[in-house]
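Reader: Hi, I'm new to this one. Could you put it up and walk me through a few parts of it?

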Amino acid sequence: MNPTPLQAALAAVLASAALVAGAAGATPVTLTPTGQARAQEPRVALIPTPRRATFPSGSLPLTGLGLRIVGRAPELTWAARDLKAEWTTRLGAPLADAAPSGPAITVGTVADPALAAKAKTAGLATTVAEGYALWVDASGAWVVGADARGAYEGIQTLRQLLTPTGLRYAQISDFPALKDRIAMIYLDQFSQPVNDRLIPMLAQLKYSGVLIMSDYVQWDTAKAGGYAHPRGATKAEARRVADLARSYGLEVIPLVETLSHAGWMFYGGKNLDLRQDEGSQSPWAYDTLNPATYDRVVLPVLKEAVELFRPQRLHIGHDELRSRDRFPARDNGKAVGLETLVVNDVVKLHDALKAQGVSTMLWHDTAFADAVVGTLPARLPKDIQVAYWNYTAGTGVDMLGKIKGLGFPVLGASWLDAGNPEGMAKASVAAGVQGMIQTRWNGYFGNPSIWDGQADQGVPYVRAGSAFWNPDGPTVADPVSAYRDLYQPLPYRAAPGATVNLAPLVTRSLTDADNKGWILKGPDIDLSALKLGVARLGAYTFDVQGAVMLRGSRPAAKDLPDRATIDLNRRADALAFLHTTGWPGALAREVIGHYEIAYADGTTLSVPLEYGRNIRAWTDTVTSSMVPAPGFTGQTRDGLAVNVPVLEWPNPKPDSVIRSVTLVSDGKNANPTLIGLTVIGDRP
């Protein structure tokens, strides 16, 4: 029912009265102007770490600097594209072509005699494939590749030397430790916005290829059979992603999971006559003794994959065969035996791919399990590439060497645990295998979670990229910030604004010398590592005076207020909240409170606080979402890792005065706690 004009007028009066009442209860605060409310700055450490690098003091001025490409290889064109994109994104200005005289950025290869001589004179020349020499001095910036791909890799390093005023002086000679440096990505209905960011990022991290999870591509065969998943990527999108990857120098390796993980072919209850375990309600493996498995489904899909992706090799999966269904389960399969069933399936797929000029890759754990490793591998073609996955921090060098010793080309595969990509990369070099795969297992149809939801599976791309290129280099410091900056690069510029002194609203100190501060647990587990005063935390400047901690369900937080209102009276482009919770939330994405933004025009906006998405506990250091930016990181006195991230909230009404900001707690286990507030934008 629509309100009458009188009702509407009354509602407006009541809303205005409520706003006035809320403003009357607001606490006045002091705002101090700052020229660096938010300031994105270049990283100092290069990723990956070059083999040999020195950095003399000084930088090459940007004024009048242009780009000169020597040669016509496609990789040189890509290099120019990437460097120009860096200029535009970071500086907001184009990179022009070089002038006939004066300092320039010169990119080419040793195929040019003049460049080869310069690199040799500089003492930086390398002949290793994908290697490059790079130096920046007063004469200009030079990137000379051992080959065209090396020049492209050198540009990825040069991009990281860019500052707002110049290119840092450097002398670098570099080359990769491993030939194959592969990252796993997914295709689904969200593919485009995610892969369009991931692929350039992976190229910048010097990966050489992408392993593309392709189970649920909407193959023509699947459409005809009624088992094409509606959330799968279209063939047109799959082709576009493959072409995009190649345009960034990345080899395209499709992964179509066969034998196991074969739920894609049973979607919608189809092909149930082809499941190996007839009692399975969620089929996992197919029947290798039924010719229709291959004639109707598997071989036609693989043929489509080869035609679409045009790969040199295709990964057929084959891992975790017996983790869910019985295998073998049918009587005829039991009579043949597991080993022969696996061998016959692998050989059939291998031969079909080989006939199309494509080599085969598979996971190690089924065909090289302890129970069969003494017999089964001897029955397989020796040109099959075996990917040995080991997701612990252990090295795995023995198994890599064992598979290699059986005559197979081998790659290692890592995931997300601390030390896992780094350790496996070193093991792969020690075993003399051909490379590494950085896997990612955030589930089908979950591409956006790589940024928001399971970002902890995206961060290892950075660590692995560095380790695969140079396993002897240091572990990447602050890979979370690096991932955020590489996936979503921001301009190198400072935004003015004002810090807010929250001292009048503080309910808890950050220290706890007498068991009456922070979370009432004493000095060994408090936030005293976060010092008071004006400080730069991540890309933001805050005035830290203590904690505006609100009520929660824990006994130590039950007596705290359930809201706090800040009398702001200022326009803003954005607000930056340095905030956390005293204790973790019970559920991911659980709403634990909100910010109420009240404008002088009488309108209000609510910003919900979702645990794990835009706020998390100070002791919760798992970065599941990139929505909050890195802020403070440190340790308690007893060595516990702690952090307080920053939520930047873009103001949809920058020209309207924000009268007040109210933090409200829902009283749950995770209780909202505001430690810093900064206004971004020079809008008094």
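**Cavities and other corners**

Author: Sure. The largest cavity has a volume of about 50 Å³. Keep in mind that this is a predicted model.

Reader: OK, and how many cavities of 30 Å³ or more are there?

Author: There are three of that size in the structure.

Reader: Which residues line the largest cavity?

Author: Its lining is made of Pro42, Arg43, Glu86, Arg90, Arg159, Gln160, Gln204, Asp485 and Tyr492. By type, that lining splits into five charged, two polar and two nonpolar residues.

Reader: How does anyone find empty space like that?

Author: Rolling a probe the size of a water molecule over the atoms shows where space is left empty.

Reader: What about pockets? How much space lies in the second largest pocket?

Author: About 470 Å³. The second largest pocket has 21 lining residues, and Lys179, Asp180, Ser208, Glu251 and Gln312 are the ones nearest its centre. Eight residues of that lining are charged, six are polar and seven are nonpolar.

Reader: Switching to helices. Which residues of α11 are buried?

Author: Helix α11 covers residues 397-405, and its buried residues are Met399, Leu400 and Ile403. They sit on the same side of α11, because the arc they cover around the axis is only 105°.

Reader: Why would residues a few places apart end up facing the same way?

Author: An α-helix has 3.6 residues a turn, so residues three or four places apart point the same way.

Reader: And what do the buried ones in α11 pack against?

Author: Their packing partners are β16 (385-389), β17 (410-414) and α12 (420-431). On the other side of α11, Asp398 and Gly405 are exposed. Just after the helix comes Gly407, which takes a positive phi of about 100°.

Reader: How many residues of α13 are buried?

Author: In α13 (residues 459-469), 11 of its 11 residues are buried, so the helix is mostly covered. Among them are Tyr461, Arg463, Phe468 and Trp469.

Reader: Let's do strands. Why is β10 largely enclosed?

Author: Strand β10 runs over residues 170-174, and four of its five residues are buried, so the rest of the structure largely encloses it.

Reader: Which strands is β10 joined to?

Author: Strand β3 (residues 52-54) is joined to β10 by three bridges, and the two run antiparallel. Strand β7 (residues 132-137) also runs antiparallel to β10, with five bridges between them. Ser173 in β10 has Arg52 standing opposite, and Ala133 stands opposite Ser173 as well.

Reader: In what order do the strands of the open sheet with β1 come?

Author: That sheet has five strands in the order β1-β23-β29-β25-β26, with mixed pairing. β1 (27-28) and β26 (604-610) are at the edges with a single partner strand each, so one side of each has no neighbour in the sheet.

Reader: How many bridges join β25 to β26?

Author: Seven, and β25 (residues 591-599) runs antiparallel to β26. One pair to look for is His594, which stands opposite Pro608 in β26.

Reader: Last one: is Ala629 buried or exposed?

Author: Buried, with a relative accessible area of 6%. Ala629 belongs to strand β27 (residues 629-635).

Reader: What is Ala629 in contact with?

Author: Leaving aside neighbours within four places in sequence, Ala629 is in contact with Arg484, Tyr540, Pro645 and Val646. Thr619 is 10 residues apart from Ala629 along the chain, and their C-alpha atoms are separated by 16 Å.

Note on methods
Residues numbered from 1 in each chain as written. Predicted model: local features only at pLDDT ≥ 70, side-chain atom pairs only at ≥ 80, totals over all residues. Heavy atoms only, no water. 1 Å grid on protein atoms, 1.4 Å probe; cavity = no way out; pocket = protein on both sides within 12 Å on 5 of 7 lines; lining within 4 Å. Points joined across faces, edges and corners; volume = space filled by probe spheres on them. Nonpolar A, V, L, I, M, F, W, Y, C, P; charged D, E, K, R; others polar. Buried < 20%, exposed > 50% of the residue type's maximum accessible area, 1.4 Å probe, protein only. Arc of directions from axis to C-beta. Contact = heavy atoms within 4.5 Å. Pairing = 2+ DSSP bridges.
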